[in-house]
Amino acid sequence: MALRLAASPLALSRSTPSLRLAAAMRSSSALNARVYFHATAGPVADSQQEDHVRMAYSRKGAADQGFRSSIAKNGRVGSIRAQNTHLSRSTASTAGQTSDEVTAAYKAVAYKTITPNQVHGSYHWDFERLLTVSMIPLFAASAIHGAHPITDGLLGVVVPIHCHMGFDAMVTDYLHPGNVGKWGNKAIVWTLRGVTVLALVGCYQFNTSDIGLTELVKRSWTA
Amino acid sequence: MFAPRIAAPLRNVGHVQTLAMAKTTFAKTRVMAPVGIRILSTSQSSQNEITVAPLIQQRKNRPLSPHLTIYQPQLTWYMSMFHRVTGGAVAVGFYAGAVGYAVAPMVGMGFDAAAITSVIATVPVGAKIAAKFIIAYPFTYHCLNGIRHLAWDTTRFMTIKGVYQTGYAVLGLSTVSAVALALI
């Protein structure tokens, strides 16, 4: 159980939107609500704070739901840090930081809370599976019918993207910031993107100015 | 360790610091601590250097517990590992070919379909069949296991029995089709 520490009274006068939100949360019987306030210095900070406050709040029933749905949305569990610390209801009247925040200075720098985004979560998963499924009839058509500009063109797009997604998964698993550092990971990811672009260009050039992917496989296999 | 009032500037420490938040950190340092209490002047990054950096260094020096070497060999994770390895291998080959074709004119290397087929034609038959099997087997294994993965994504075969049956089916089919492809 996290300790509730009193905040400076000056904090409470600053941020009206989050104050209203927090008051609403407090008045409800949210056992798992984690109430904490920032003082703000302007409208920009306010909107960021809203976002942050939204992230921090997790109501009692929604706490589990939020975590599970964010796993379903985001796929990779490691990218989200669960915010479900439960606090004593009796101290909900004062806003302030918890001892968790004080000890946050001791946590590894790699720990960062991220707002879940479906583009990197379930949409990415959907896209990956759709692409993979489309490869089955594409390879079948190419094997049965032989060279054709449309199948070759599609292969030249779909296969590099599939390879890129596979490499990206391997980089996320084995060459992550905890291993190779924040900039090492960035460099590797951007290098991979550059190489994929080169591969796409190479496939396009081969399909247009040379015999095409299917015909190449056929000829070199029976050479 | 830090009293709550003094720790007020550390309130933002666990989160990504944007410029606005950095400004508010400064504002809070001056505003929120009541009169009479000394305000911390150390910045967040030096706090981390003092407390966290030695821990990160020590973690790099510690040995890793055995994992892959001690876990019981099972079809499940062997096939999963092989799926990733074969995918990586075929993709590296594909990328090498595609990028090589894109880059070759700049380097002055003659790298096109005619050159490739003429080089292959000079290789002896036995070596050609062996090479074709070595190239075909990762490809067929990855394709068939990929279909197995897609079946799992539709929640089919999600039992121990289903996993093992489909696993053996993939192993058998991929070997047979690789041999068939090598003999074309």
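The following paragraphs lead the reader through a predicted model, from the outline of one chain to individual residues.

Chain A is a suitable place to begin. Its secondary structure comprises 10 helices and zero strands, and reading along the sequence therefore gives the pattern α-α-α-α-α-α-α-α-α-α, with helices and strands taken as DSSP runs. The chain has 223 residues, of which 37% are buried. Its exposed surface amounts to about 12300 Å², and carbon and sulfur atoms supply 64% of that area. The contacts within the chain may also be examined by their separation in sequence. Among those between residues at least 6 apart, 72% join residues at least 24 apart.

One residue of chain A carries an annotation. According to an unreviewed UniProt entry, His162(A) is covered by the feature "binding site". This histidine belongs to helix H7, which spans residues 149-174 of chain A. Which residues does His162(A) touch, if those up to four places away in sequence are not counted? Within chain A, they are Leu131(A), Thr132(A) and Met135(A); from chain B, His142(B) also touches His162(A).

The cysteines may be considered next. How many disulfides are found over all chains? A search of the whole structure finds zero. Cys203(A) illustrates the reason for one residue: the closest cysteine sulfur, in Cys163(A), lies 8.8 Å from its own sulfur, which is too far for a bond. A disulfide would require the two sulfur atoms to be within 2.5 Å. As for its surroundings, Cys203(A) has a relative accessibility of 2% and so counts as buried, because the limit for a buried residue is under 20%. Cys143(B), by comparison, has a relative accessible area of 31% and is partly exposed.

Chain B offers a further example of a buried residue. Asn145(B) lies in helix H6, which covers residues 125-153 of that chain. Is Asn145(B) buried or exposed? Its relative accessible area is 1%, and therefore Asn145(B) is buried. When neighbours within four places in sequence are left aside, the contacts of Asn145(B) are with Met79(B), His83(B) and Val170(B).

The surface of chain B provides the last subject. Here Tyr78(B), Met81(B), Phe82(B) and Val85(B) form a nonpolar patch, and their accessible area together is about 360 Å². One of these residues, Val85(B), is found in helix H4, which runs over residues 75-107 of chain B.

Terms used:
Residues are numbered from 1 along each chain as its sequence is written. Chains are lettered from A and ligands numbered from 1 in the order in which they are written. This is a predicted model: local features need pLDDT of at least 70, side-chain atom pairs count only at pLDDT 80 or more; totals for chains, interfaces and linings use all residues. Side-chain values use heavy atoms; hydrogens and water are left out. Helices (H or I, at least four residues) and strands (E, at least two) are DSSP runs, numbered from the N terminus. Buried means under 20% relative accessible area, exposed over 50%, partly exposed in between (1.4 Å probe, protein chains only). Contact means heavy atoms within 4.5 Å. Accessible areas come from the Shrake-Rupley method with a 1.4 Å probe; for residues, only the protein chains shown count as cover. UniProt positions are given in the numbering used here, feature names are shortened, and annotations may be inferred rather than shown by experiment. Patches are made of residues with over 30% relative accessible area and no salt bridge: like charges are joined within 9 Å, nonpolar side chains (Val, Leu, Ile, Met, Phe, Trp, Tyr) within 5 Å. A salt bridge is a side-chain nitrogen of Lys or Arg within 4 Å of a carboxyl oxygen of Asp or Glu.
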